[in-house]
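Got the model open in your viewer? Let's walk through some charged pairs and then look at a helix, one selection at a time.

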Amino acid sequence: MDVLQIFRLRSNVDIEDMSEEFSCWQRFGKNLSTSSDSKEEPEASALGWGAGIDKACQSSTKGNSSGWQWYKDPRLDSLGFRGIFPSNTIPPSVEANEETDELNYFQWRVEKGVAEGSTEIPKGEAIPLEYNLAGLNAISVNKRCYVGQESVARTHHRGVIRKRLLPLKFLLGNEVTQNVAPGSEVVGVSSDKKVGTVTTALASRGMGLLRLEEAFKGSGSLSIKGKDDVKIEVIRPDWWPSEWFPDH
(Lines give C-alpha, C1' and ligand atoms only; values in the text may rest on other atoms or scores of the structure.)
Protein backbone atom coordinates (compact mmCIF):
# COMPACT_ATOMS: atom_id res chain seq x y z
CA MET A 1 0.00 0.00 0.00
CA ASP A 2 2.74 2.48 0.93
CA VAL A 3 4.57 1.79 -2.34
CA LEU A 4 1.40 2.40 -4.39
CA GLN A 5 0.76 5.68 -2.58
CA ILE A 6 4.11 6.97 -3.84
CA PHE A 7 2.98 6.64 -7.46
CA ARG A 8 -0.38 8.28 -6.97
CA LEU A 9 1.19 11.75 -7.25
CA ARG A 10 -1.53 14.36 -7.88
CA SER A 11 -4.05 11.98 -9.43
CA ASN A 12 -7.54 11.96 -7.98
CA VAL A 13 -7.31 8.28 -7.04
CA ASP A 14 -8.16 6.46 -3.85
CA ILE A 15 -6.16 3.31 -3.05
CA GLU A 16 -7.80 0.75 -0.82
CA ASP A 17 -6.50 -2.59 0.48
CA MET A 18 -8.87 -5.27 -0.88
CA SER A 19 -6.71 -8.29 0.00
CA GLU A 20 -9.34 -9.71 2.37
CA GLU A 21 -12.18 -9.44 -0.14
CA PHE A 22 -10.30 -10.85 -3.14
CA SER A 23 -7.69 -13.56 -3.67
CA CYS A 24 -5.32 -14.35 -6.50
CA TRP A 25 -5.61 -17.93 -7.80
CA GLN A 26 -3.22 -19.82 -10.04
CA ARG A 27 -4.03 -22.85 -12.21
CA PHE A 28 -0.90 -24.80 -13.10
CA GLY A 29 0.21 -28.28 -14.03
CA LYS A 30 1.31 -30.41 -16.93
CA ASN A 31 -2.15 -30.95 -18.41
CA LEU A 32 -3.28 -27.35 -18.89
CA SER A 33 -3.88 -26.16 -22.43
CA THR A 34 -1.30 -23.47 -23.24
CA SER A 35 -1.14 -23.75 -27.02
CA SER A 36 -3.70 -21.05 -27.80
CA ASP A 37 -2.47 -17.63 -28.92
CA SER A 38 -5.27 -16.05 -26.92
CA LYS A 39 -4.50 -14.57 -23.53
CA GLU A 40 -7.58 -16.38 -22.28
CA GLU A 41 -7.68 -20.07 -21.55
CA PRO A 42 -9.85 -21.79 -24.24
CA GLU A 43 -11.62 -23.91 -21.65
CA ALA A 44 -12.40 -21.11 -19.21
CA SER A 45 -12.43 -17.94 -21.31
CA ALA A 46 -16.21 -17.59 -21.23
CA LEU A 47 -16.81 -18.77 -17.67
CA GLY A 48 -17.81 -16.53 -14.86
CA TRP A 49 -17.59 -17.89 -11.32
CA GLY A 50 -20.37 -20.16 -10.20
CA ALA A 51 -21.68 -21.66 -13.43
CA GLY A 52 -22.84 -20.87 -16.92
CA ILE A 53 -21.60 -18.79 -19.81
CA ASP A 54 -20.67 -15.19 -19.28
CA LYS A 55 -19.56 -13.46 -22.48
CA ALA A 56 -19.45 -10.14 -20.63
CA CYS A 57 -16.25 -11.12 -18.83
CA GLN A 58 -13.73 -9.63 -21.20
CA SER A 59 -11.01 -8.78 -18.71
CA SER A 60 -9.96 -9.68 -15.20
CA THR A 61 -9.75 -5.93 -14.60
CA LYS A 62 -13.42 -5.51 -15.58
CA GLY A 63 -14.96 -7.95 -13.17
CA ASN A 64 -18.56 -7.30 -12.22
CA SER A 65 -21.47 -9.15 -10.62
CA SER A 66 -21.27 -11.72 -13.41
CA GLY A 67 -17.74 -12.80 -12.68
CA TRP A 68 -14.05 -12.64 -13.49
CA GLN A 69 -11.84 -14.74 -15.78
CA TRP A 70 -8.70 -16.81 -15.94
CA TYR A 71 -5.88 -15.35 -18.04
CA LYS A 72 -2.55 -16.73 -19.12
CA ASP A 73 0.34 -15.89 -16.86
CA PRO A 74 2.20 -13.36 -19.07
CA ARG A 75 5.61 -14.64 -18.01
CA LEU A 76 5.62 -18.27 -19.17
CA ASP A 77 3.06 -20.67 -20.64
CA SER A 78 4.22 -23.31 -18.16
CA LEU A 79 3.11 -21.13 -15.24
CA GLY A 80 -0.49 -21.65 -16.34
CA PHE A 81 -3.32 -19.22 -15.70
CA ARG A 82 -4.17 -16.76 -12.98
CA GLY A 83 -7.14 -14.69 -11.95
CA ILE A 84 -8.49 -12.56 -9.13
CA PHE A 85 -11.70 -13.85 -7.55
CA PRO A 86 -13.82 -13.05 -4.48
CA SER A 87 -12.33 -14.72 -1.43
CA ASN A 88 -15.61 -16.35 -0.43
CA THR A 89 -16.00 -18.43 -3.59
CA ILE A 90 -14.23 -21.17 -5.54
CA PRO A 91 -13.23 -19.97 -9.03
CA PRO A 92 -14.56 -21.70 -12.18
CA SER A 93 -12.70 -24.77 -13.45
CA VAL A 94 -11.35 -25.58 -9.99
CA GLU A 95 -12.59 -28.86 -8.57
CA ALA A 96 -12.65 -29.24 -4.80
CA ASN A 97 -10.26 -32.20 -4.93
CA GLU A 98 -7.79 -30.28 -7.13
CA GLU A 99 -7.01 -27.49 -4.69
CA THR A 100 -3.50 -27.65 -3.35
CA ASP A 101 -1.23 -25.84 -0.94
CA GLU A 102 0.33 -22.62 -2.20
CA LEU A 103 3.79 -24.07 -1.52
CA ASN A 104 3.24 -26.53 -4.37
CA TYR A 105 2.87 -23.64 -6.83
CA PHE A 106 5.89 -21.98 -5.24
CA GLN A 107 7.94 -25.12 -5.93
CA TRP A 108 6.58 -25.34 -9.49
CA ARG A 109 7.70 -21.76 -10.15
CA VAL A 110 11.11 -22.28 -8.50
CA GLU A 111 11.72 -25.37 -10.65
CA LYS A 112 11.18 -23.17 -13.72
CA GLY A 113 13.68 -20.60 -12.42
CA VAL A 114 11.18 -17.72 -12.19
CA ALA A 115 11.68 -15.27 -9.34
CA GLU A 116 9.07 -12.81 -8.13
CA GLY A 117 8.69 -10.28 -5.35
CA SER A 118 11.26 -8.21 -3.47
CA THR A 119 12.46 -11.16 -1.37
CA GLU A 120 13.58 -13.02 -4.50
CA ILE A 121 14.47 -9.99 -6.64
CA PRO A 122 16.20 -7.58 -4.23
CA LYS A 123 14.92 -4.05 -4.63
CA GLY A 124 17.65 -1.60 -5.59
CA GLU A 125 20.20 -4.39 -6.09
CA ALA A 126 18.98 -6.80 -8.75
CA ILE A 127 20.06 -6.34 -12.37
CA PRO A 128 16.96 -7.17 -14.48
CA LEU A 129 18.86 -9.06 -17.19
CA GLU A 130 20.60 -11.26 -14.63
CA TYR A 131 17.18 -12.24 -13.27
CA ASN A 132 16.08 -13.15 -16.81
CA LEU A 133 13.32 -10.55 -16.88
CA ALA A 134 13.89 -9.89 -20.58
CA GLY A 135 12.64 -13.41 -21.29
CA LEU A 136 9.61 -13.06 -19.02
CA ASN A 137 7.89 -10.09 -20.71
CA ALA A 138 8.92 -7.94 -17.77
CA ILE A 139 11.20 -5.34 -19.36
CA SER A 140 11.65 -3.73 -22.75
CA VAL A 141 14.94 -2.82 -24.41
CA ASN A 142 13.15 -0.51 -26.85
CA LYS A 143 10.82 1.50 -24.61
CA ARG A 144 12.31 4.78 -23.43
CA CYS A 145 12.22 6.71 -20.18
CA TYR A 146 12.17 4.25 -17.30
CA VAL A 147 14.68 4.04 -14.49
CA GLY A 148 17.71 2.05 -15.63
CA GLN A 149 16.60 1.83 -19.28
CA GLU A 150 19.95 2.95 -20.69
CA SER A 151 22.02 0.40 -18.79
CA VAL A 152 19.52 -2.39 -19.53
CA ALA A 153 19.51 -1.64 -23.27
CA ARG A 154 23.30 -1.26 -23.41
CA THR A 155 23.93 -4.57 -21.63
CA HIS A 156 21.31 -6.34 -23.75
CA HIS A 157 22.79 -5.22 -27.06
CA ARG A 158 26.34 -6.04 -25.98
CA GLY A 159 25.12 -9.52 -25.12
CA VAL A 160 27.57 -9.89 -22.21
CA ILE A 161 25.67 -11.23 -19.21
CA ARG A 162 28.00 -13.27 -17.04
CA LYS A 163 25.56 -14.19 -14.25
CA ARG A 164 21.98 -15.41 -14.38
CA LEU A 165 19.37 -16.75 -12.01
CA LEU A 166 19.19 -20.54 -12.34
CA PRO A 167 16.99 -23.28 -10.84
CA LEU A 168 18.94 -25.62 -8.57
CA LYS A 169 18.59 -29.04 -6.95
CA PHE A 170 20.39 -29.80 -3.68
CA LEU A 171 21.91 -33.28 -3.31
CA LEU A 172 23.53 -35.16 -0.46
CA GLY A 173 25.20 -38.08 -2.18
CA ASN A 174 22.54 -39.46 -4.51
CA GLU A 175 19.66 -38.23 -2.34
CA VAL A 176 18.05 -34.82 -2.25
CA THR A 177 18.62 -32.71 0.84
CA GLN A 178 16.69 -29.88 2.48
CA ASN A 179 19.63 -28.56 4.47
CA VAL A 180 20.29 -25.38 2.43
CA ALA A 181 19.32 -21.81 3.30
CA PRO A 182 18.96 -18.67 1.15
CA GLY A 183 22.18 -16.69 1.18
CA SER A 184 24.39 -19.77 1.09
CA GLU A 185 27.47 -19.41 -1.10
CA VAL A 186 27.86 -21.74 -4.08
CA VAL A 187 31.48 -22.67 -4.73
CA GLY A 188 33.45 -24.83 -7.12
CA VAL A 189 34.26 -28.25 -5.67
CA SER A 190 37.86 -28.29 -6.90
CA SER A 191 38.70 -24.58 -6.59
CA ASP A 192 36.53 -23.52 -3.63
CA LYS A 193 36.04 -20.31 -5.64
CA LYS A 194 32.71 -18.54 -5.24
CA VAL A 195 30.42 -19.12 -8.22
CA GLY A 196 27.29 -17.45 -6.87
CA THR A 197 24.68 -17.36 -4.15
CA VAL A 198 21.52 -19.29 -3.35
CA THR A 199 18.71 -16.71 -3.48
CA THR A 200 15.71 -18.96 -2.77
CA ALA A 201 15.40 -22.38 -1.14
CA LEU A 202 12.39 -24.64 -0.73
CA ALA A 203 13.11 -28.17 0.44
CA SER A 204 15.44 -29.77 -2.11
CA ARG A 205 14.87 -27.08 -4.74
CA GLY A 206 16.04 -23.51 -5.06
CA MET A 207 17.33 -20.75 -7.26
CA GLY A 208 20.72 -19.13 -7.36
CA LEU A 209 22.46 -16.26 -9.08
CA LEU A 210 25.49 -17.99 -10.60
CA ARG A 211 28.25 -17.24 -13.07
CA LEU A 212 27.35 -19.08 -16.26
CA GLU A 213 30.94 -20.04 -17.10
CA GLU A 214 31.13 -22.27 -14.02
CA ALA A 215 27.46 -23.17 -13.60
CA PHE A 216 27.25 -25.67 -16.47
CA LYS A 217 30.66 -27.33 -16.14
CA GLY A 218 29.21 -30.67 -15.17
CA SER A 219 27.47 -32.73 -12.53
CA GLY A 220 29.08 -32.56 -9.09
CA SER A 221 31.26 -29.54 -9.85
CA LEU A 222 29.46 -27.22 -7.41
CA SER A 223 28.78 -27.39 -3.68
CA ILE A 224 27.68 -25.25 -0.74
CA LYS A 225 30.51 -23.44 1.05
CA GLY A 226 31.11 -25.06 4.45
CA LYS A 227 29.01 -28.09 3.44
CA ASP A 228 31.22 -29.95 1.00
CA ASP A 229 28.93 -32.97 1.07
CA VAL A 230 26.01 -30.95 -0.33
CA LYS A 231 26.29 -30.85 -4.11
CA ILE A 232 24.45 -28.50 -6.47
CA GLU A 233 22.77 -29.71 -9.63
CA VAL A 234 22.06 -26.83 -12.01
CA ILE A 235 18.89 -27.22 -14.09
CA ARG A 236 18.85 -25.98 -17.69
CA PRO A 237 15.52 -24.10 -18.07
CA ASP A 238 13.70 -25.31 -21.18
CA TRP A 239 12.28 -21.83 -21.83
CA TRP A 240 15.69 -20.15 -22.17
CA PRO A 241 16.73 -19.09 -25.69
CA SER A 242 19.84 -20.92 -26.87
CA GLU A 243 21.97 -17.76 -26.90
CA TRP A 244 21.73 -17.52 -23.12
CA PHE A 245 23.78 -20.67 -22.66
CA PRO A 246 27.59 -20.33 -22.55
CA ASP A 247 28.06 -23.16 -25.09
CA HIS A 248 26.00 -21.33 -27.74
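Start by selecting Arg211 and Glu214: the two form a salt bridge, with 3.3 Å between the closest N and O atoms. Keep in mind that you're looking at a predicted model. Now colour the pair by accessibility. Glu214 is buried, with a relative accessible area of 13%, while Arg211 counts as partly exposed at 25%. The cut-off for buried is under 20%, so Glu214 makes it at 13% and Arg211, at 25%, does not.

Next, pick Glu111 and Arg205. Their side chains meet in another salt bridge, 3.6 Å from N to O. Which parts of the chain does this pair tie together? Glu111 lies in helix H2 and Arg205 in strand E8 (residues 205-211), so the link spans parts that are 94 residues apart in sequence. Check the exposure here too: Glu111 is partly exposed, with a relative accessible area of 26%, whereas Arg205 counts as buried at 18%.

Stay with H2 and move to Arg109. It forms a salt bridge with Glu120, and the closest N and O atoms are 2.8 Å apart. Arg109 belongs to helix H2 (residues 102-112), while Glu120 sits in the loop between H2 and helix H3 (149-158), so the pair links distant parts of the chain, eleven residues apart. Are these two buried or exposed? Arg109 counts as buried at 4% relative accessibility, and Glu120 counts as buried at 7%.

Don't deselect those two yet. Add Asp73, Arg75, Arg82 and Glu116, and you'll have a network of salt bridges that includes Arg109 and Glu120. If you want to hunt down every salt bridge in the model, the count comes to eight. As a general reminder, side chains of opposite charge can pair when their charged atoms come close.

Last stop: helix H3. Select Gln149, Val152 and Ala153, the buried residues of this helix. Turn the view until you look straight down the axis of H3: the buried residues fall within an arc of 95°, so they line one face of the helix. The reason such spacing works is that an α-helix has 3.6 residues a turn, so residues three or four places apart point the same way. Now look at the face of H3 turned away from the buried side, and you'll find the exposed residues Glu150 and Arg158. Finish by stepping just past the end of H3 to Gly159, which takes a positive phi of about 75°.

How values were computed
Residues are numbered from 1 along each chain as its sequence is written. This is a predicted model: local features need pLDDT of at least 70, side-chain atom pairs count only at pLDDT 80 or more; totals for chains, interfaces and linings use all residues. Side-chain values use heavy atoms; hydrogens and water are left out. A salt bridge is a side-chain nitrogen of Lys or Arg within 4 Å of a carboxyl oxygen of Asp or Glu. Helices (H or I, at least four residues) and strands (E, at least two) are DSSP runs, numbered from the N terminus. Buried means under 20% relative accessible area, exposed over 50%, partly exposed in between (1.4 Å probe, protein chains only). The arc is that of the directions from the helix axis to the C-beta atoms.
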